[in-house]
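Me: Hey, I've got a structure open that I've never looked at before. Can you walk me through it?

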Amino acid sequence: MKPIQVGLLGIGTVGSGTFNVLRRNQEEIRRRAGRGIEITMVADLDTERAQSIVGPGVKVVKDAREVIANPDIDIVIELIGGYGIARSLVMEAIAAGKHVVTANKALLAVHGTEIFAAASARGVMVAFEAAVAGGIPIIKALREGLTANSIQWIAGIINGTTNFILSEMRDKGLDFSVVLKEAQRLGYAEADPTFDIEGVDAAHKVTLMSAIAFGIPVQFDKAYVEGITQLGATDIKYAEQLGYRIKLLGITKRVAQGIELRVHPSLVPSKRLIANVEGAMNAVVVHGDAVGATLYYGKGAGSEPTASAVIADLVDITRLHTADPHHRVPHLAFQPDAMSDLRVLPMREVVTSYYLRLRVADQAGVLAKVTGLLAGAGISIDAVLQREADEVSGEGGTSTDLIILTHNTHEGTMDDALAQLQQLPTVLAPIVRIRKEELN
């Protein structure tokens, strides 16, 4: 049978990995897919470099639209990234009747609803395994492997840069700014790391997982996003003493009132497997009603790990492209006419427990005042610890750190209580609040 012909838009880190793995494992891939899969055309602004990667047998062009216009191309791989030209090219490829494979989580998290609707109307597939957690097959697990389950929650370490930074902060006792510079020097962090360290990248990914898990439209604009830039070595040390580790988690959860969709630093019990995921690795825990908790672990980025996911999508499309579109696995796991209108909760309605650290003047009655105010707000305290801060307060006395662990309460209730606490004259610095997730 004639090989499936693939056009590749962008041959950077992931694109070159995709070309090399596909060529290296072409015989095994052919045996699995039922026919050959060949990248026969590449578009890249640096045509000379691109040609040096693919060799003389592949046509290289500067204009991506030449690839889309080629009637021999069956599948278009979009690896350009971003929201702008990538969106136009994906929509044009769909309109031309091409199947699309993309690793572009930002594009799908923002424009996914429009893109999937266009693909369904045209009878083509948009595959995006590589858009979440690199080489970990989490999209396939959610769309197919766990399809018998009512998914209850997902919690993931889905950004390797931030996990590397937090691991280094914990291991070496260093502050965020110091470790970020080291991460940039080692190539774990970009020159402009904003999307990673502010939690945006993780929010793109958890938005996609949430849509697949719960059958809701892609709604990145409703995600709560908080990064790691305000975390200090002090809180990582205290968390460790309390039996927790701090991880940046992407969390989505089904509750009675709707769907939670949030990214923020979280205290996770040290005994949980996900708390022990270190360095630039990724891990996702999915909890289904039938299967319980399942853990997916591996490399979340890199040339060949991400290429592994891209090529898996190519194989899926090759197997299914002649099938009746109504018999294919839906893009977001649920049939398009059976999507839910469950609302995404605003953060103030989310219920969780908290770690609080207050730097206070070391005076009689301060602890009673703080705990009394929390009790008055209806916030139940699980534990209180006091640690000497070894700093001089504004009044010339010493200061101390109060560490408070709370039971579950509404975020809105905690916001209001913290606003009152912050006004106390004996509270000497901004209060640190980190959410706590038991993940059981």
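Reply: Sure. One term to start with: a patch is made of residues with over 30% relative accessible area and no salt bridge, and nonpolar side chains are joined into one within 5 Å. Also, keep in mind that this is a predicted model.

Me: Okay, so which residues form the nonpolar patch on the surface?

Reply: The patch consists of Y83, V110 and F195, and together they have about 240 Å² of accessible area.

Me: Where is V110 found, and is it buried or partly exposed?

Reply: V110 sits in helix 6, which covers residues 105-122. Its relative accessibility is 35%, so V110 counts as partly exposed.

Me: Switching to the sheet. What's the order of the strands?

Reply: The order is 3-2-1-4-5-6, in an open sheet of six strands with parallel pairing.

Me: And which strands stand at the edges?

Reply: Those are strand 3 (59-61) and strand 6 (126-127). Each has a single partner strand, so one side of each is left without a neighbour in the sheet.

Me: How many bridges join strand 1 to strand 2?

Reply: Six, between residues 4-9 of strand 1 and residues 37-43 of strand 2. On the other pairing, strand 1 and strand 4 share four parallel bridges.

Me: What does V6 stand opposite in strand 2, and what's its bridge partner in strand 4?

Reply: In strand 2 it's I39. In strand 4, V6 has I75 as its bridge partner.

Me: Can I keep going across from there? Which residue in strand 5 is the bridge partner of I75?

Reply: That would be H99. Strand 4 and strand 5 run parallel and are joined by four bridges.

Me: Which way do the side chains of strand 4 point?

Reply: I75 and I77 point one way, V76 and E78 point the other way, and all are buried. The general pattern is that side chains in a regular strand alternate between the two faces of the sheet.

Me: E78 is in that list. What joins its side chain to that of T102?

Reply: A polar contact of 2.7 Å. T102 belongs to strand 5, residues 99-102.

Me: Is T102 buried or exposed?

Reply: Buried, because its relative accessibility is 1% and the cut-off for buried is under 20%.

Me: Last one: what does T102 touch?

Reply: Leaving out residues up to four places away in sequence, T102 touches E78, L108, V126, A127, F128 and A131. Two of those names, V126 and A127, carry the residue numbers of edge strand 6 (126-127).

Notes. Residues numbered from 1 in each chain as written. Predicted model: local features only at pLDDT ≥ 70, side-chain atom pairs only at ≥ 80, totals over all residues. Heavy atoms only, no water. Pairing = 2+ DSSP bridges. Helix = DSSP H or I, 4+ residues; strand = E, 2+ residues; numbered from the N terminus. Buried < 20%, exposed > 50% of the residue type's maximum accessible area, 1.4 Å probe, protein only. Polar contact = N/O pair within 3.5 Å; in protein donor to acceptor, adjacent residues only side chain to side chain. Contact = heavy atoms within 4.5 Å. Patch = residues over 30% accessible without salt bridge, like charges linked within 9 Å, V, L, I, M, F, W, Y side chains within 5 Å. Areas by Shrake-Rupley, 256 points an atom, 1.4 Å probe, with all protein chains shown as cover. Salt bridge = Lys/Arg side-chain N within 4 Å of Asp/Glu carboxyl O.
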